[in-house]
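Student: Before we examine this entry, I should like to work through it by question and answer. Could you please show it first?

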Amino acid sequence: MSGTGGRSNETAVGKRPAAAALRFSVAPMMDWTDRHCRVFHRLLTGRAALFTEMVTAPAIIHGPRDRLLGFSAVEHPVVCQIGGSDPDQLAEAARIVEGFGYDRIDLNCGCPSDRVQSGRFGACLMAEPDLVAECVAAMRGAVTIPVSVKCRIGIDDADSRVMLPAFVAKIVAAGVDSLTVHARKAWLEGLSPKENRSVPPLDHAIVFDVKRAHPALHVAINGGIRNLDEAEALLAPREDGTTLDGVMLGRAAYETPEILAAVDRRIFGAATPDTDPFAVVEAMEPYVAEVLAGGGKLSHLTRHMLGLFAGRPGARTWRRILTVGAIAPGAGLEVLREALAAVRRPPREAGAAPAA
Ligand SMILES: Cc1cc2nc3c(=O)[nH]c(=O)nc-3n(C[C@H](O)[C@H](O)[C@H](O)COP(=O)(O)O)c2cc1C
């Protein structure tokens, strides 16, 4: 594995995927979908689009770019999610992101946190479709890679069946390449970001209405999708023929990453066997070794892998060895190997089914 040190723009040439990769994507998740997580997810699925955590436009322009934007060549197709609402700033940030070799840029119009609202971006932008359209147009004018948007169905007391169509019409007119809808409102007062991912009710039907109104727009659905059965059901045509173009999974993909092992076959129709999670851990070794050699900590990598064997005998021991072992000073590959050996020959765990 190479290119873990920073830019990989040269590797992206000729590899820019069409929106097809968005048929299944792993959601942008702050603190979760960092570059280490994405490398791990990529070993589980070769085809899914992987989103970065949200990075704000000012941070991209003024901050430590290599740290914020650096990624590994293996992560393609990889989408950089940006937060912001100043068209000029977003255009400049988009140019920088394209220079790093990302396959696509996504504008965050769904994050409800206070910090984000005070910066006038995220979910509160759903009330400013003209501004978002300006932002999309400015970014499109600045780069050759596609620009997409991720939004909610509405905010606060607004009628989603009015707010969402008005929002979508504007960004479509501005040339947005694709749209992912987190199918619940954001309530901007009184709920934490975490509550805003579960308390406002899901409304998947409204996402089909968006697709019906804009058949040429790539529309992906997000929110509450727990497994590939549910993902496949949402990708199936409705009675009137309306068919969504993509699904995006967040928490389920992160917490039970083995879901990703069957994505290439089940969602993309690849004639490949499902990925073996044991082989994935072994395949992580060169990357882990490279990160450790560069001064990184084992726990920064293994924290994303804790859920890999969820539901299998030995899963608890796997978690325990990784959780405790990886934070020890100087922890290295031996901890990962010990944890893998334990799940290969699982000890008896209270409450766990005996190994077959
Ligand atoms: C820890 C965490 C961080 C998140 N950070 C972002 C983010 O940076 N940008 C964004 O658009 N959505 C973010 N989200 C929302 C997810 O992308 C997704 O829309 C939401 O979790 C619903 O999908 P799910 O039910 O499949 O998890 C985050 C979600 C979680 C759990």
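**Backbone, ring pairs and ligand**

Student: Where is proline 77 found?
Tutor: Helices (H or I, at least four residues) and strands (E, at least two) are DSSP runs, numbered from the N terminus. On that basis proline 77 is placed in the loop between α4 and β3.

Student: On what basis should the values be read?
Tutor: Residues are numbered from 1 along each chain as its sequence is written, and side-chain values use heavy atoms, without hydrogens or water. This is a predicted model, in which totals for chains, interfaces and linings use all residues, side-chain atom pairs count only at pLDDT 80 or more, and local features need pLDDT of at least 70.

Student: Is the peptide bond from histidine 76 to proline 77 cis or trans?
Tutor: Most peptide bonds are trans. Here omega is near -10°, and the bond from histidine 76 to proline 77 is cis.

Student: What is the phi of aspartate 31, in the loop between β1 (24–26) and α2 (35–44)?
Tutor: Most residues other than glycine have a negative phi. Aspartate 31 is not a glycine, yet its phi is positive, at about 70°.

Student: How do the rings of phenylalanine 71 and tyrosine 102 pair: stacked, edge-to-face or tilted?
Tutor: Rings of Phe, Tyr and Trp (its six-membered ring) pair if their centres lie within 6.5 Å; planes under 30 degrees apart count as stacked, over 60 as edge-to-face and the rest as tilted. The whole structure has four aromatic pairs. With the centres of phenylalanine 71 and tyrosine 102 4.4 Å apart and the planes at 45°, this pair is therefore tilted.

Student: How far apart in sequence are the parts that this pair ties together?
Tutor: Phenylalanine 71 lies in the loop between α4 (65–69) and β3 (78–83). Tyrosine 102 lies in the loop between α5 (87–100) and β4 (104–109), so the parts tied together are apart in sequence by 31 residues.

Student: How many residues surround the ligand?
Tutor: A residue counts if one of its heavy atoms lies within 4 Å of the ligand. The closest are Gln81, Asn222, Gly224, Gly250 and Arg251, and the number surrounding the ligand is 17.
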